[in-house]
Amino acid sequence: MDSPELATMPLPVLEPIKGVKKAPLEEYFTSGHRTCQGCESALVMKLMIKAAGPRTVVLGSTGCMYVANTTYYSTPWVVPWMHTQLGSSGSAAVGTAAGYRALMRKGKIKKEPINVISFCGDIGGADMGLSAISAALQHVDYNHLILLYDNESAANTDIQATGSTPYGAVTTFSPTGPAKRIFHTRWKKNTAAMLAAGHPECRYVATVCASYAVDFMNRVRRALTIGGPTFIHSFDPCPKGWDYDPMLSHELGELAVLTGIWPLFEVEDHTLRLYGKSKAIAEGRQKRLPVRDYLLKQGRFAHFTEDDIDYFQAKIDDMWTQWLIPGVLPFAAEVLNDTPPA
Amino acid sequence: MARTISVEVVYRGIFQKTLAKNICRGIVLAARKEGKIGIAFGRYGDSPERNGIPAKNFAIVAPDEETLQLSMAQYEPAESDITIAVDDTLCKGVESWAWYGLQPINEKIREGGTLVVTSTLPAGEIVKFCHTKAHPYRLAVIPGIPSFSGLWVYKDDHTDVRILGALPKVCPDLVSLDAMLAAIKDEWKSDLKVTSARRSYEQTTTRTVGPGEGNPEVPYKFDLPGWTRMREGVTIEGMKLGEPIQFGGQVGGYRPQRNPYFKKYTTRTMRPVIDFDKCIKCTLCWLQCPDSCFDVMPDQTYDLNAEACCGCGVCEAVCPVDGCITMVNESAFTDNKSQWEMWKTNKDAYRQWVAEKIGCRPERSHGFRYKGQYEEQVASMGAASGGGQGGGE
Amino acid sequence: MDAETATAVTVAAAEQEALISGSEAVAVASRLADVDVITAYPIRPYDTMMQYVAKQIANGEQDAEYIVAESEHSQFEIAKHASAVGARALCGSSGVGWCYAFEAIAVTPALRLPLLAMVGNRALDDPGAFGTEHNDALAARDLGWMHVWVDTAQEALDVTLIAYRVAEDRRVFLPCAISTDGAFLTHSQALVKIPPRAWVDEFLPRYDRGDLRFHPDNPITIAPQVNEDWLMEIRRQTDQAMRNARGVLEEAYRDFRRIFNRDYGNPFFEEYYTDDAEIVLVGMGTLSMPVKVVIRKLRAEGQRVGFVRVRWFRPFDYERLGGLLSRFQAVGVVDRDFSMGSPYNSGVLANEIRATLYGQPKQPPVVSFITGLGGREVTIPNVREMFEHTRKAAETGASPRDTLWIGVRA
């Protein structure tokens with residue numbers, strides 16, 4: 001029964017931010033959180049909402065950015081914030097957006113753009129919550145952004161391995177010992193590309209890193225203004241879980257990109273774009289740094305032998321030389337050369 | 001006469017977790033050597049420890065099970081015979097959780113009890129940080145750089161056994177030196193660590209802190225509302241937006257509202273010192289700060305709100321100007337005053353202040369050192385025994 | 001609004017009669033209540049309600065966001081969050097589907113979200129079975145959900161409207177589960193009076209979440225992590241809301257009677273031939289049908305027997321129910337559920353009744369029965385047998401030391 005006018009919800013106007021000096025002064029995520037020294041995920045929260053602005057509601061599924069952020073009857077949030085369950089970031093976004101849509105369509109509340117952002121950690125996004133996020137990205141009637149802040153372990157619980165933990169990393173569920181030097185043998189999930197490839201109606205999927213603040217904020221703005229459900233996967237160095245000096249959080253984010261471990265890309269209306277340093281790497285304008293520069297700064301890789309580092313390097317080299325789309329789609333190039341029988 | 005003895009270990013989050021655990025285990029195992037029994041436990045709510053944020057472990061030792069039960073506590077014992085601060089900056093007080101308020105480091109120490117601190121500062125300097133108490137207690141200083149021994153890789157600088165070695169000296173009722181050394185030998189199978197403990201026993205000195213001596217400031221605290229006054233639906237008021245800053249005639253910039261229930265500055269071991277003359281207004285310190293602790297000033301420079309800063313050092317790392325932001329040992333400061341206002345009021349005095357702070361010793365880091373650095377530093381301190389086995393660094 | 005205008009409304013629009021199932025009655029009620037967000041997931045037998053809602057929407061008779069979730073967990077979470085922004089929400093499930101949603105079910109009461117869920121009571125796997133059993137809904141009995149068991153399609157429709165009114169009352173703000181026996185009620189059609197929308201609008205005010213609304217105009221933080229310093233206070237608040245629900249329920253039923261001219265008597269439990277009864281059976285749901293038949297037969301034979309059907313299981317009207325039951329010489333409690341290893345190895349309701357009687361000056365013997373599991377029919381002979389056991393207890397004045405399974409093959 002919806003008339004098209006009623007069916008489509010209004011979208012916000014959020015112009016791209018042109019340089020750090022144009023970043024909004026207002027903080028909608030301020031002090032009062034109990035995150036670690038040098039917590040990159042706390043920075044992700046701050047930049048995410050700085051980009052989104054005041055007409056936003058945020059839903060946070062269980063994890064560091066829940067427990068450490070709003071912890072113990074205190075809050076750093078200026079905008080409305082609500083907890084949701086570990087596997088529910090997708091459902092929370094859909095339920096909130098659907099509620100607004102129904103109430104606006106029926107004239108029960110003022111019809112206006114309201115940004116709905118739902119975030120999750122790597123368990124909430126790449127593991128337990130994956131099914132609900134997949135469903136959320138199919139509901140094209142609802143405008144919302146699901147942001148996965150990925151610190152590569154269940155850092156809040158006690159730093160346990162997840163589907164996003166890199167190969168070989170030490171966690172409390174994957175310690176190193178005389179019988180098992182490498183305990184965690186799974187390779188990190190390629191979550192953003194998987195969601196982009198699997199949900200062709202989803203208009204925007206991007207990977208980001210808060211070390212590049214302006215790029216980060218502009219991707220959030222794009223996701224909120226394009227319409228429909230969108231997904232952003234953020235790479236968040238974690239001094240606690242990775243065992244490095246908090247001072248290095250920013251540098252490790254850059255190193256993950258410069259070594260090619262974390263490709264920065266966005267998929268907008270079926271068009272894939274590598275951007276920033278990753279684009280430069282793909283175009284050969286920037287030489288990939290050796291992964292050891294990144295690995296050896298972290299206690300979680302301190303047990304790595306030269307062979308382990310070489311193996312890690314080889315896997316990253318494959319990403320950039322063998323993948324159908326370098327750094328994004330892990331299919332062998334043979335697929336292209338496949339010729340049908342005469 | 002045998003009695004229950006409570007030991008409290010206050011430490012800085014995950015990178016001192018193993019250190020604190022070693023200390024409490026050592027105490028209980030040593031007491032066992034003398035037929036006593038004990039328990040070692042961490043404050044459940046602190047786990048998983050956020051790095052830098054003050055957390056607590058406890059060891060309680062008693063002659064027998066029933067006496068032990070008298071002093072058992074699920075979270076924290078009511079008072080301590082010994083409180084150990086494994087980092088001297090903890091002496092400024094600790095705020096572990098929102099609504100906990102600022103707890104003096106010596107809050108639990110009973111009359112005649114002892115505060116044990118690892119520091120390179122003289123006792124007189126440390127006393128200035130500690131809040132005043134109505135009754136006398138003692139202060140023992142174990143010379144040494146605060147040890148951040150790490151998580152996955154335990155960078156062993158012997159701080160654990162040097163603290164253990166000092167305990168029989170400051171509290172003979174707890175355990176004898178022989179028992180302690182025997183326990184250390186059993187637990188770590190290392191003569192070097194036994195030597196470190198013995199050296200520490202010989203060198204540790206204590207002084208009495210009199211009533212009213214120390215920091216007179218009254219620590220902030222909060223009253224928790226009851227269920228009839230709390231908002232329903234597990235809701236609380238959000239934070240308010242910030243406002244432009246007024247200074248003299250100038251108005252402009254932006255100061256976010258900051259949460260009164262958790263200030264976070266007791267997490268800090270280093271503090272950024274800003275040379276405003278060098279600032280090029282690039283915004284990076286402000287933009288990249290995870291704790292939103294920089295205020296945008298009317299002149300577009302960025303001032304530190306020292307009550308919100310937890311000292312991560314990202315601002316120094318991202319600042320493109322050499323020497324514009326320098327992380328300085330927190331023990332060099334006695335207040336949280338605005339650096340910008342100091343600079344505005346008297347630039348010459350401020351430049352002098354900056355030079356003095358930056359030049360100040362002891363040098364400080366988050367404890368992540370290049371390979372071998374621990375050994376050099378520990379060896380360079382007469383008090384220390386000959387370094388460590390280097391963990392797996 | 002005053003009685004005069006109410007009568008005026010009554011005259012103005014008459015009720016329509018329709019032949020619909022209990023599930024469909026809930027769907028019709030959701031249309032009358034103008035529910036905003038409805039979340040579905042397929043599982044028998046409750047899904048017949050969602051099928052009917054979908055058809056009403058497809059036909060343009062109902063206006064709601066209709067979301068087919070990818071799991072029951074998401075289904076309940078979506079409805080939960082819609083409720084948080086101030087939208088009237090409906091979901092539901094059955095059997096193991098209800099269990100799959102259990103995390104969402106557990107967290108909803110403390111958030112004080114007046115969500116409605118229809119439970120088409122169904123046996124829990126394994127083995128898979130379609131038939132009714134009350135253990136699915138009862139698994140959530142202690143968490144702060146209101147729970148009601150209805151008996152007829154008409155009651156299903158009426159109670160759905162009443163449940164929204166009570167759940168959305170600011171003094172309550174708690175979720176409510178409406179239990180309907182699988183097959184017996186969800187799949188059998190009966191003649192139901194469908195009230196005009198005007199009556200419903202008068203009875204059911206708009207859901208106003210007030211200062212708890214999740215919206216940019218109301219900057220609050222909802223459900224921040226708490227430690228031991230806070231949780232007891234929060235539990236006590238939810239406890240108070242459930243206590244308040246008792247009075248609010250009474251008000252709602254009074255208004256319902258005034259506006260819809262249907263009188264349910266005591267909202268919490270139905271009494272059948274209890275006035276002069278010596279012994280009674282107590283049970284929930286569609287069980288009442290065979291029991292009432294038997295009561296009429298036994299009364300014809302001169303036996304003073306009666307029946308008490310518990311409607312509202314949470315909040316539980318222990319004061320009045322205890323006062324009533326203590327009058328009888330013996331009480332037989334019929335459970336369509338089990339509580340393995342519980343006192344007397346009985347079902348859930350039986351032990352609730354024992355606890356209820358404990359506070360009474362006079363305590364008649366309680367005989368507990370487990371029957372009709374997995375949708376097995378409770379037959380006339382089964383009911384006669386249960387009355388006989390209860391009669392014996394009345395004569396001896398002693399309860400059997402164990403629970404009797406009725407209609408099970410040895």
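A:Arg181 and A:Asp308 pair up in a salt bridge, with the closest N and O atoms 2.6 Å apart. That label goes to a side-chain nitrogen of Lys or Arg within 4 Å of a carboxyl oxygen of Asp or Glu. The pair ties together distant parts of the chain, 127 residues apart: A:Arg181 sits in the loop between strand S4 (144–150) and helix H7 (191–198) of chain A, and A:Asp308 in helix H13 (residues 306–321) of chain A. Helices (H or I, at least four residues) and strands (E, at least two) are DSSP runs, numbered from the N terminus. A:Arg181 is partly exposed at 35% relative accessibility, while A:Asp308 is buried at 6%. The cut-offs here are under 20% relative accessible area for buried and over 50% for exposed, with partly exposed in between (1.4 Å probe, protein chains only).

A word on the setup: this is a predicted model, where local features need pLDDT of at least 70 and side-chain atom pairs count only at pLDDT 80 or more, while totals for chains, interfaces and linings use all residues. Residues are numbered from 1 along each chain as its sequence is written, chains are lettered from A and ligands numbered from 1 in the order in which they are written, and side-chain values use heavy atoms, leaving out hydrogens and water.

Over all chains, the structure holds 96 salt bridges. Here are a few of them:

| Pair | Closest N to O |
|---|---|
| A:Arg181 and A:Asp308 | 2.6 Å |
| C:Arg88 and C:Glu168 | 2.7 Å |
| A:Arg55 and C:Asp217 | 2.8 Å |
| A:Lys108 and C:Asp36 | 2.8 Å |
| B:Glu330 and B:Lys92 | 2.8 Å |

The side chains of C:Arg88 and C:Glu168 meet at 2.7 Å. This pair also links distant parts of its chain, with C:Arg88 in the loop between helix H4 (72–84) and strand S4 (89–93) of chain C, and C:Glu168 in the loop between helix H8 (153–167) and strand S7 (176–181) of chain C, 80 residues apart. C:Arg88 is buried at 8%, and C:Glu168 is buried at 8% too.

On to chains A and C. In contact terms (heavy atoms within 4.5 Å), 48 residues of chain A touch 46 residues of chain C. The area buried between them is about 3,700 Å², with carbon and sulfur atoms giving 60%; buried area is the accessible area (1.4 Å probe) that two parts lose on being put together, summed over both. A:Tyr72, A:Tyr73 and A:Met82 supply 18% of what chain A buries against chain C, more than any other three residues. Eight salt bridges are counted between the two chains, including A:Lys108 with C:Asp36.

Chain B splits into domain 1 (5–222) and domain 2 (234–359), with bounds from an automatic or database domain assignment. Their C-alpha centres lie 32 Å apart, and 21 residues of domain 1 of chain B contact 16 residues of domain 2 of chain B. Between these domains about 1,400 Å² is buried, 60% of it from carbon and sulfur atoms. B:Thr89, B:Lys92 and B:Glu95 supply 33% of the area domain 1 of chain B buries against domain 2 of chain B, more than any other three residues. One salt bridge is found across this interface.

Finally, strand S14 (residues 325–329) of chain B has five of its five residues buried, so it is largely enclosed by the rest of the structure. Strand S11 (residues 270–274) of chain B runs antiparallel to S14(B), joined by five bridges; strands pair if DSSP finds at least two bridges between them.
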